[in-house]
Every structure is written in C-alpha cells, then in structure tokens.
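Colleague: I am new to reading structures, and I would like a close look at one part: the interior, and how the pieces around it pack. Please take it slowly.

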Amino acid sequence: YNLLYTVYPLPETMIDYVWDYGHLDANAERKYVEAMFSSIDRTVEAQLKEKMVTLVCAAQQQFKKWEDVSSVSLRDVARYKILFKWFLNSKIRRDNLSHKRGRKKAPKTLQSEAAVLALLHCYYLRISSKKRRADFLQSLEPQFARLLGLKVKDVEELLQNEEDDFLNRMKLPEDIAKNQALKENVFALIVCIMTKIPIFI
C-alpha cells in the first residue's frame with residue numbers, strides 16, 4: 001500500500017515529556033462559551049445569547065457523556081457561531097423575499113430558528129444512529145421548551161422544512177427521489193460550502 005504517512009509508537013524515553021493538559025469542566029467551559037458569544041451580532045438580544053450558550057453547553061455535555069471529553073471542543077463552538085451567523089443572514093434574505101407574498105416573520109423568530117438550525121447542523125447531523133439522534137433531541141428537550149418554547153417535534157419540523165426549502169429551490173432530474181438521505185446531504189453540503197467548513201459524508 002502507498003500510505004501517506006506511518007505512525008510509530010512513542011519511544012519510552014519520551015514518556016516523561018508527555019503531558020495531559022486535562023479538559024475544561026462544565027463551569028469553565030460555559031464561561032469560555034459566553035466570552036465567545038459576546039462578539040455575536042449586536043442585533044441579537046443578550047437574552048437569546050444566553051439561551052444559545054445554554055443549548056450549546058448542553059449539547060457539548062451530551063456528547064462528552066456518550067463518547068469522551070475530547071469528542072467536542074471549543075472548535076465546535078466556533079463552528080456554531082459561524083453557522084448561526086450564516087443561517088440568520090440566510091433566513092433574513094429568504095424572509096424578505098417571502099414578504100412580497102405576505103409571510104414576514106418577526107426578527108426574534110428568525111434568530112431563534114437560526115440558533116436551532118446551527119445547533120442541529122453542528123451537532124445533530126454528525127450523529128449516524130437514528131436512535132442516538134432521537135436521544136440527543138430528547139435530552140435537549142427541556143432546554144428547547146424552557147428557552148425557546150419548542151418541543152422535539154417542532155425542532156424536527158424546523159429542520160425538515162429547511163431541508164425541503166433547500167431542495168425545492170433546485171431542479172432535479174425526474175428519476176431522482178427526494179428521500180431523507182438526499183435532503184440531508186444537500187442541506188449539509190450547501191451550508192458547509194457557503195461557510196467554508198470542511199465536511200465528510
């Protein structure tokens with residue numbers, strides 16, 4: 001095989017120089033997330049920012065329970081910020097087009113939807129198991145309900161509508177079925193291309 005690189009075991013003489021820097025506990029992580037969210041668009045109210053912090057921290061903790069403490073990091077939070085900004089701008093532009101047809105949404109509604117879609121794109125779509133996905137949404141339902149007044153079915157419907165909206169704007173050959181896999185892949189790809197976020201499918 002033509003391997004690009006080979007990984008060798010660490011020599012025993014180097015063991016003394018290996019350091020475990022540990023990981024952030026929940027409180028410290030929340031402070032970092034709050035600091036990162038302080039630079040989000042000024043039009044977003046502080047109250048919504050606080051709700052977003054709570055949702056992101058809850059998602060991070062859930063992944064740490066399932067996998068390990070290094071399965072998520074502040075890089076995921078940075079991606080969430082990028083995704084939120086893109087979804088918000090996209091929702092505003094599409095809503096302005098819909099306004100001509102009399103379906104204008106309130107700014108708070110658009111911001112809340114962008115916050116949830118960014119969370120789903122950043123965390124939910126990376127889960128391969130249907131059961132694990134359901135468990136993820138179920139674990140966050142208290143936060144969705146308390147912070148945004150949403151139930152799990154509302155969150156699933158929001159994602160489904162967004163995926164449908166993306167695909168319905170495309171002209172597909174007649175023999176292509178608009179199944180869930182296609183919707184999800186197109187949705188994930190377009191958003192990552194527009195935000196320049198690497199993606200593996």
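Modeller: In the protein chain, 64% of the contacts with a separation of 6 or more join residues 24 or more positions apart (contact means heavy atoms within 4.5 Å). This is a predicted model, in which local features need pLDDT of at least 70 and side-chain atom pairs count only at pLDDT 80 or more, while totals for chains, interfaces and linings use all residues. Residues are numbered from 1 along each chain as its sequence is written, and side-chain values use heavy atoms, with hydrogens and water left out.

The protein chain has seven helices and zero strands (DSSP runs of H or I with at least four residues, or of E with at least two, numbered from the N terminus). Its C-alpha atoms fill a box of roughly 70 × 45 × 30 Å along the principal axes. Of its 201 residues, 37% count as buried (under 20% relative accessible area; exposed is over 50%, partly exposed in between, with a 1.4 Å probe and protein chains only).

Now for the interior. The largest nonpolar core holds 50 residues; such a core is a set of buried Ala, Val, Leu, Ile, Met, Phe, Trp, Tyr and Cys residues joined through side-chain atoms within 4.5 Å. Phe37, Tyr80, Phe84, Phe87, Leu119, Tyr123 and Phe136 touch the most other members. Two or more residues come from each of α1 (26–37), α2 (46–66), α3 (74–99), α4 (107–122), α5 (130–148), α6 (152–168) and α7 (180–195). Try finding Tyr80 in the picture: leaving aside neighbours within four places in sequence, Tyr80 is in contact with Phe37, Met52, Val56, Ala115, Ala118, Leu119 and Cys122.

Let us follow α2, beginning with its partner α1. These two helices pack at about 135°, with axes 10 Å apart (axes are lines fitted to C-alpha atoms over the stretch in contact, and angles run from 0 to 180 degrees between N-to-C directions). α1 and α2 are therefore oblique to each other; under 35 degrees counts as roughly parallel, over 145 as roughly antiparallel, 65 to 115 as roughly perpendicular and the rest as oblique. On the α1 side, the residues that meet α2 are Ala26, Glu29, Arg30, Val33, Glu34 and Phe37. Among their partners in α2 are Met52, Val53, Val56 and Cys57. The residues of this contact divide into seven nonpolar, three polar and six charged (nonpolar is Ala, Val, Leu, Ile, Met, Phe, Trp, Tyr, Cys and Pro; charged is Asp, Glu, Lys and Arg; polar is the others, Gly among them).

The other partner to look at is α5. The axes of α2 and α5 come within 10 Å and cross at roughly 155°, and the two helices are therefore roughly antiparallel. Leu55, Ala58, Ala59, Phe63 and Trp66 are among the α2 residues that meet α5, where the residues involved include Phe136, Leu140, Phe144 and Leu147. By class, this contact has eleven nonpolar, four polar and four charged residues.

Finally, visit the end of the last helix. Cys192 lies in α7 and is buried, with a relative accessible area of 6%. Beyond its neighbours within four places in sequence, Cys192 is in contact with His121, Ile197 and Ile199. Lys196, in the segment after α7, counts as exposed at 76% relative accessibility. Phi of Lys196 is near 60°, a positive value in a residue other than glycine. Most residues other than glycine have a negative phi.
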